[in-house]
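Work through the exercises below with the sequence and the 3D structure at hand. Each task is followed by a solution in steps.

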Amino acid sequence: DNVRTRRAQIVKEWLREHDTSCLSQLKGGVNISRITGVCCSVFFQVFNDPIHGHMEIHPLLVKFIDTPQFQRLRNIKQLGAAYYVYPGASHNRFEHSIGVAYLAGQFLQALRDRQPDLDITQRDILCVQIAGLCHDLGHGPFSHLFDGRFIPEVKEHEDASIMMFDHMVEVNKLEEEMNEYDLVPDEDLEFIKQLIVGCPRGQNVSQSLPHTTSGRGKDKSFLYEIVANKTNGIDVDKWDYLARDCHHLGIPMSFDYRRLLMFARVCRVDTRTHICIRDKEAANLYDMFYRRFSLHRRAYQHRVNNIISQMITEALLEANEHIKIDGIKLSETIDNMSAYTKLTGHVFDQILNSPDVNLQGAREILNKIIRRQIYKCLGKIRSEAVSQLFLWKSKTSGSKTLRHTIRISCSMLVVTLDYGMKDKDPIDKVYFYSKKNPDKPKRISKEQVSKLLPADFDETFLRVYWKGEPDDESLESAKEIFNQWCKDNGFPLLQVIDIRC
């Protein structure tokens, strides 16, 4: 600390001698090494990342990173149970969140350099970067498995990322740090939370943005499209996880987000400002959304990934009443951020290694995962079969024992794959500009891009799982009955193509 203080004094003395106007920018985040030519880590910290290389991170962001609430993300798997399918998918929300903050800064810096008239301030950049840094604070163990599967089974809950953000700021006195860098906590904290959810809270993206002290008004409504773009899904969160997940999954990445940084600009559409993309980049955007679809098909919604996610969810439900953190059961920690800070992916090993007899059921499920005694997939069929399958489970032919076994041992999972906007083409929501008219936004239809683009942008199918013992004789009987039912009802089995590393 003494060395850092001395370095800061040296740099300030140099600035006083050479350019006193630079002093006012010190707390705004100017990289002093670029001004003085002296490498100085007092102001910017360098993170070496396998995706983005050497990232310079503003000291205010480092203050947020160096908190227990953010460090907790080191133990939250980015892809949840996919780690049990793809051994390389061991990365965590920690590095993803830093990557999003870095890309947010790169994006805004590119816009500011290209369009100085936008009046993008250092305060704006810091707020957007903090939002990118903190957008995933609310994830529980195994990310979407916890908050998308487990929690909905037991209760409703508010946005945990917002609650954790408020808790982080309060217990670590981060308002004082924000003041040090010329942010206004009374206004900017609410703005950051708006950026995390993608629009002013309590409104949807179609509603007009108010001119409030906490937000930035309609002239800067494009700022809401950086971290969580609710208009068309093109944001730095997606850019980072696509690149990062492909890298760790070993899947080639064809989409190039760096080109979008070069060809993005802000245009006014009616009363609002939007981020627009050069018209020749439409094909690149389709590559981005196709890559998202492909990752869901090959990894996020992988057959075995879904099976193991379901098994971990069942184990957490079994353990819910018996594992306490600060005296609070698992499902209630999401309402108590102090306890939730202590809940990470380590809960898997806690259950697995616990001698508590109350956890025997949960322990048996996790032991099956470890021994690869997982549920078996009977087949994959069109989703229209849902109602008929419920009837099938209740009226299965055969012995009474077999009917009972199938009724309790089969489960169904509806899987939807899309380009991010259900059955809609996301490019229909994107504004483009041309080289000749850079300030005139326009729409581009997919027919103008290529005749080879998909006619549909989503598909839904149903997977039927067998939850009994893998060597159970009833498994083969269930397969035969299920296959016969599909033939009788005109639902051909869909081809299952899975890749496991």
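**Exercise 1. State what share of the residues is buried, and describe the overall make-up of the protein.**

Step 1. The model is a predicted one. Of the 501 residues in the protein, 53% are buried, where buried means under 20% relative accessible area.

Step 2. The secondary structure consists of 21 helices and 10 strands.

Step 3. Take the contacts with a separation of 6 or more: 71% of them come from residues 24 or more positions apart.

Step 4. The exposed surface of the protein is about 23,200 Å², and carbon and sulfur atoms supply 47% of that area.

**Exercise 2. Compare the span of helix H13 with the expected value, and decide whether the helix is largely enclosed or not.**

Step 1. Helix H13 covers residues 282–300, which is 19 residues.

Step 2. From the first C-alpha of H13 to the last, the helix reaches 25 Å; this is close to the 27 Å expected at 1.5 Å a residue.

Step 3. Within H13, 14 of the 19 residues are buried, so the helix is largely enclosed by the rest of the structure.

**Exercise 3. Find which parts of the chain are linked by the salt bridges of Lys193 and of Arg292.**

Step 1. Side chains of opposite charge can pair when their charged atoms come close. The whole structure holds 19 salt bridges.

Step 2. One of them joins the side chains of Lys193 and Asp166, at 2.9 Å from N to O. Lys193 sits in helix H10 (residues 185–197) and Asp166 in helix H8 (residues 160–171), so this pair links distant parts of the chain, 27 residues apart.

Step 3. Check the cover of each partner. Lys193 counts as buried at 10% relative accessibility, whereas Asp166 is partly exposed at 34%.

Step 4. Arg292 forms a salt bridge with Asp418, and their closest N and O atoms are 3.1 Å apart. Because Asp418 lies in strand E8 (residues 410–418) and Arg292 in helix H13, the pair ties together parts that are 126 residues apart in sequence.

Step 5. Asp418 is buried, with a relative accessibility of 13%, and Arg292 is buried at 15%.

**Exercise 4. Classify Lys424 and Asp423 by exposure, and list the members of the salt-bridge network.**

Step 1. The side chains of Lys424 and Asp423 meet in a salt bridge at 3.2 Å, N to O.

Step 2. Lys424 has a relative accessibility of 48% and counts as partly exposed. Asp423 is partly exposed too, at 46%.

Step 3. A network of salt bridges links Arg123, Asp124, Glu187, Asp188, Arg216 and Lys220.

**Exercise 5. Describe the largest nonpolar core and the surroundings of Trp239.**

Step 1. The largest nonpolar core contains 131 residues, and Phe64, Trp239 and Ile312 have the most contacts inside it.

Step 2. Helix H5 (residues 93–114) gives the most to this core, namely 10 residues.

Step 3. At least three residues of the core come from each of domain 1 (45–301 + 420–448) and domain 2 (375–419 + 454–500).

Step 4. Leaving out residues up to four places away in sequence, Trp239 touches Leu103, Phe107, Ile234, Phe255, Tyr257, Leu260, Leu261 and Met288.

Step 5. Another core, of 12 residues, lies apart from the largest one; among its members are Trp466, Leu475, Phe482 and Cys486.

Note on methods. Residues numbered from 1 in each chain as written. Predicted model: local features only at pLDDT ≥ 70, side-chain atom pairs only at ≥ 80, totals over all residues. Heavy atoms only, no water. Helix = DSSP H or I, 4+ residues; strand = E, 2+ residues; numbered from the N terminus. Buried < 20%, exposed > 50% of the residue type's maximum accessible area, 1.4 Å probe, protein only. Contact = heavy atoms within 4.5 Å. Areas by Shrake-Rupley, 256 points an atom, 1.4 Å probe, with all protein chains shown as cover. Expected span 1.5 Å × (residues − 1). Salt bridge = Lys/Arg side-chain N within 4 Å of Asp/Glu carboxyl O. Core = buried A, V, L, I, M, F, W, Y, C linked by side-chain atoms within 4.5 Å. Domains from an automatic or database assignment.
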